[in-house]
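The following exercises are meant to be worked through with the sequence and the structure side by side. Each begins with a task and continues with a solution in steps.

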Amino acid sequence: QVQLNESGGGLVQAGGSLRLSCAASGRTFSRYAMDWFRQAHGKEREFVAAISWTGYSTYYTDSVKGRFTISRDNAKNTVYLQMNSLNPEDTAVYYCAARRVWSGSYYDPSIQYDYDAWGQGTQVTVSS
C-alpha cells in the first residue's frame, strides 16, 4: 500500500507561483497513476490534474489548463504540481491521490475511480 504526503503549499499573491510535491512511500509508486484534487472552503472536492504511470500522459481540468503542470519523478517517488499565474479562485486545500487504473487522458466525475491512497492535503492561499 502506498502512503502519500503533500508539501509546498503556502500563501502567495495573485499572479505568483507555487510547486506542490506529493511524496509516496513504497516500491510500487511507478504502478500508480496520480491525481491532484482541491477543495475550497465550503465547496466540493474538485479534480485538478492527472498523470499516467510513466508520466507520458496528462490531463487537466479546464480552469487550470495552461497554468498548471503535473509531472512525476518515479526515481524519487514524487509527483509535482507546478502552479503558475495563480488567482484567488485557486485557494483551496490540495490533495494528491493514487490509483492503479489509467483509462486514458480524461477525468469523468461520474465514474467511481478506485483510489488506493490519499494524502493529508496542503493549503494553498492566493491573495488578491
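**Exercise 1. A turn residue**

Task: In which loop is N77 found, and does its relative accessibility make it buried or exposed?

Solution. N77 sits in the loop between β7 and β8, and the model in which we locate it is a predicted one. The next step is its accessibility: N77 has a relative accessibility of 18%, and because buried means under 20%, N77 counts as buried. The backbone is then examined, and here N77 shows a positive phi of about 55° although it is not a glycine. Most residues other than glycine have a negative phi.

**Exercise 2. The hairpin around that turn**

Task: Describe how strands β7 and β8 are paired, and sort the residues of β7 by face.

Solution. Begin with the limits of the two strands: β7 covers residues 68-73, and β8 covers residues 78-83. They pair in the antiparallel sense, over 6 bridges, and within this pairing T69 has Q82 of β8 as its bridge partner. The two strands form a hairpin in which 4 residues lie between them, with N77 in the turn. As for the faces, F68, I70 and R72 make up the covered face of β7, whereas T69, S71 and D73 belong to the uncovered one. In a regular strand the side chains alternate between the two faces of the sheet.

**Exercise 3. A second positive phi**

Task: Where is S85 found, and what is its phi?

Solution. S85 is found in the loop between β8 and β9. Its phi is positive, at about 50°, although S85 is not a glycine. Its relative accessibility is 42%, so S85 counts as partly exposed.

**Exercise 4. Strands β1 and β11 and their partners**

Task: For β1 and for β11, state which side chains are buried, and identify strands with which each one pairs.

Solution. In β1, residues 4-7, the side chains of L4 and E6 point to one face and are buried, while those of N5 and S7 point to the other and are not. The partner of β1 is β3, residues 18-24, and the two are joined in the antiparallel sense over 4 bridges, with S7 standing opposite S21 of β3.

In β11, residues 122-127, an alternation is also found: T122, V124 and V126 are buried on one face, and Q123, T125 and S127 point to the other face and are not buried. Strand β2, residues 10-13, runs parallel to β11 and is joined to it by 4 bridges, and Q13 of β2 stands opposite S127. Strand β9, in contrast, runs antiparallel to β11 and is joined to it by 3 bridges, with Y94 opposite T122.

**Exercise 5. Two residues and their surroundings**

Task: Which residues does A92 touch, and which does T58 touch, not counting residues up to four places away in sequence?

Solution. A92 is placed in strand β9, residues 92-99, and it is buried, with a relative accessible area of 3%. Its contacts are R38, Q39, A40, T122, Q123 and V124, once residues up to four places away in sequence are set aside. A92 also lies 9.8 Å from E46, C-alpha to C-alpha, although the two are 46 residues apart in sequence.

T58 lies in strand β6, residues 58-60, and is partly exposed, with a relative accessible area of 30%. With the same residues left out, T58 touches A50, I51, I70 and S105. T58 and Y106 are 48 residues apart in sequence, yet their C-alpha atoms are 8.3 Å apart.

**Exercise 6. The protein as a whole**

Task: How many helices and strands does the protein have, and how does its radius of gyration compare with that of a compact globule?

Solution. The count comes to 0 helices and 11 strands. For 128 residues, a compact globule would have a radius of gyration near 14 Å, and the protein agrees with this, at 14 Å. The C-alpha trace spans about 40 × 30 × 25 Å along its principal axes, and 45% of the 128 residues count as buried. Among contacts with a separation of 6 or more, 59% are made by residues 24 or more positions apart. The accessible surface comes to about 6800 Å², and 45% of that surface belongs to carbon and sulfur atoms. Finally, the charges: there are 12 positive and 11 negative side chains, and the centres of the two sets are 8 Å apart.

Note on methods. Residues are numbered from 1 along each chain as its sequence is written. This is a predicted model: local features need pLDDT of at least 70, side-chain atom pairs count only at pLDDT 80 or more; totals for chains, interfaces and linings use all residues. Side-chain values use heavy atoms; hydrogens and water are left out. Buried means under 20% relative accessible area, exposed over 50%, partly exposed in between (1.4 Å probe, protein chains only). Two strands pair if DSSP finds at least two bridges between them. The radius of gyration is taken over C-alpha atoms; the globule rule is 2.2 Å times the number of residues to the power 0.38. Contact means heavy atoms within 4.5 Å. Accessible areas come from the Shrake-Rupley method with a 1.4 Å probe; for residues, only the protein chains shown count as cover. Lys and Arg count as positive and Asp and Glu as negative; His and the chain ends are not counted. The place of a charge is taken as NZ of Lys, CZ of Arg, CG of Asp or CD of Glu.
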